[in-house]
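Here are my notes on the model you sent over. I went through the core, the open and closed spaces, the aromatic rings and a couple of glycines.

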Amino acid sequence: MKSTLKLALHAVAVVVVSPLLLTYFLGSLLLGKNRALEGATQTLALLPGISGTFLRQAFLSVVLTRCHPSAEVCFGTLFSQAGAIIDENVYVGPRCHLGLVHIEKNVLLAAGVHVPSGGQTHAFDDPDVPIKDQGGVRSLVTIGEGAWIGSAAVVMADVGRGSIIAAGAVVTKPIPDNVIAGGVPAKVIRGRFEKPT
């Protein structure tokens with residue numbers, strides 16, 4: 001009964017966001033999918049409460065590579081890459097900024113987490129060319145199943161399954177499974193199941 005009700009609400013939410021979906025598809029023809037996605041998610045980010053969560057999820061389930069119906073994306077969250085993947089039971093806290101990311105199932109992102117599209121989105125090698133004109137490389141960042149990313153963390157490299165990233169950490173290199181990591185740049189503090197010393 002509960003799952004049937006959720007599916008019905010999802011269908012209604014898709015109908016409600018259909019004007020924004022139309023705007024997105026037209027914009028993607030003119031500007032490209034990613035630029036159109038940025039504008040649309042800025043609009044959707046402003047919708048508060050449970051209704052906003054349902055409407056964001058309905059929109060994202062159509063335009064992202066994958067967004068599971070059980071995912072919860074909170075107020076103020078922006079997306080910049082249509083190739084993002086959000087698996088089941090994911091929680092994305094308020095005011096997150098997400099690029100090319102695969103968020104595996106049961107992941108928790110606290111408020112203000114930033115996941116740009118890897119650590120090389122901007123090249124800066126040529127001192128005679130403005131950074132904005134030097135290009136860059138976008139790469140998929142994977143946040144492993146069951147991981148928890150603390151508030152205001154910046155994640156530019158993969159995070160292993162079941163790992164915890166401390167608030168304010170900056171992940172520049174891959175983090176293994178089931179560890180606690182923190183700092184700038186983030187380093188493994190201890191295994192998640194070890195007793196603290």
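1. A term first: by nonpolar core I mean a set of buried Ala, Val, Leu, Ile, Met, Phe, Trp, Tyr and Cys residues joined through side-chain atoms within 4.5 Å. Keep in mind that this is a predicted model. With that said, the largest nonpolar core here counts 47 residues, and Phe59 and Leu109 have the most contacts inside it. At least two core residues come from each of helix 2 (18-31), helix 3 (33-45), helix 4 (49-63), strand 7 (101-103), strand 10 (141-143) and strand 15 (179-182). Helix 4 is the top contributor, giving five residues. As general background, nonpolar side chains in soluble globular proteins tend to be buried together.

2. What does leucine 109 touch, leaving aside its neighbours within four places in sequence? The list is Tyr91, Val92, Gly93, Cys96, Leu98, Ile103, Ile143 and Ile149.

3. On to the rings. The structure has two aromatic pairs. In one of them, tyrosine 24 and phenylalanine 25 have ring centres 5.1 Å apart and planes at 65°, so this pair is edge-to-face; the angle passes because the cut-off for that label is over 60 degrees. Tyrosine 24 also pairs edge-to-face with phenylalanine 59, at 5.9 Å centre to centre and with 85° between the planes. That second pair links distant parts of the chain, since tyrosine 24 sits in helix 2 and phenylalanine 59 in helix 4, 35 residues apart. Put together, Tyr24, Phe25 and Phe59 make up one aromatic cluster.

4. Which members of that cluster are buried, and which are partly exposed? Phenylalanine 59 has 0% relative accessibility, so it counts as buried, and tyrosine 24 is buried too, at 3%. Phenylalanine 25 is partly exposed, with a relative accessible area of 40%. The cut-offs matter here, because buried means under 20% and exposed means over 50%. Recall that Phe59 is also one of the two residues with the most contacts inside the largest nonpolar core.

5. If you want to look at pockets, the largest one holds about 400 Å³ of space. Its lining has 17 residues, with Lys6, Phe54, Pro69, Ser70 and Ala71 nearest the centre. Helix 1 (2-16) and helix 4 each supply at least two lining residues, and helix 4 has the largest share, at six. By class, the lining of the largest pocket splits into seven nonpolar, seven polar and three charged residues.

6. The second largest pocket has a volume of about 300 Å³. It is lined by 16 residues, and Glu38, Ser80, Leu98, Gly99 and Pro116 are the closest to its centre. Helix 3, strand 3 (78-79), strand 6 (97-98) and strand 9 (114-115) are the elements that give two or more residues to this lining. The class breakdown for the second largest pocket is five nonpolar, nine polar and two charged residues. Leu98, listed here, also turned up among the contacts of leucine 109.

7. How many cavities of 30 Å³ or more does the structure hold? The answer is one. The largest cavity has about 30 Å³ of space, and Thr41, Leu44, Arg56, Leu60, Val73, Thr77 and Phe79 line it. Helix 3 and helix 4 are the elements giving two or more residues to that lining. By class, the cavity lining has four nonpolar, two polar and one charged residues.

8. Is glycine 182 buried or exposed? Glycine 182 is buried, with a relative accessible area of 13%, and its place is in strand 15. Not counting residues up to four places away in sequence, glycine 182 touches Ala166, Ala169, Lys187 and Ile189. Its C-alpha atom is separated by 34 Å from that of valine 129, 53 residues apart along the chain.

9. Last one: glycine 168 is in the loop between strand 13 (164-165) and strand 14 (170-171). Glycine 168 is partly exposed, at a relative accessible area of 35%. Leaving aside neighbours within four places in sequence, glycine 168 is in contact with Ser151, Ala152, Ala153 and Val184. The C-alpha atoms of glycine 168 and leucine 37 are separated by 27 Å, with their positions 131 residues apart along the chain.

Methods:
Residues numbered from 1 in each chain as written. Predicted model: local features only at pLDDT ≥ 70, side-chain atom pairs only at ≥ 80, totals over all residues. Heavy atoms only, no water. Buried < 20%, exposed > 50% of the residue type's maximum accessible area, 1.4 Å probe, protein only. Helix = DSSP H or I, 4+ residues; strand = E, 2+ residues; numbered from the N terminus. Contact = heavy atoms within 4.5 Å. 1 Å grid on protein atoms, 1.4 Å probe; cavity = no way out; pocket = protein on both sides within 12 Å on 5 of 7 lines; lining within 4 Å. Points joined across faces, edges and corners; volume = space filled by probe spheres on them. Nonpolar A, V, L, I, M, F, W, Y, C, P; charged D, E, K, R; others polar. Phe/Tyr/Trp six-rings, centres within 6.5 Å; stacked < 30°, edge-to-face > 60°.
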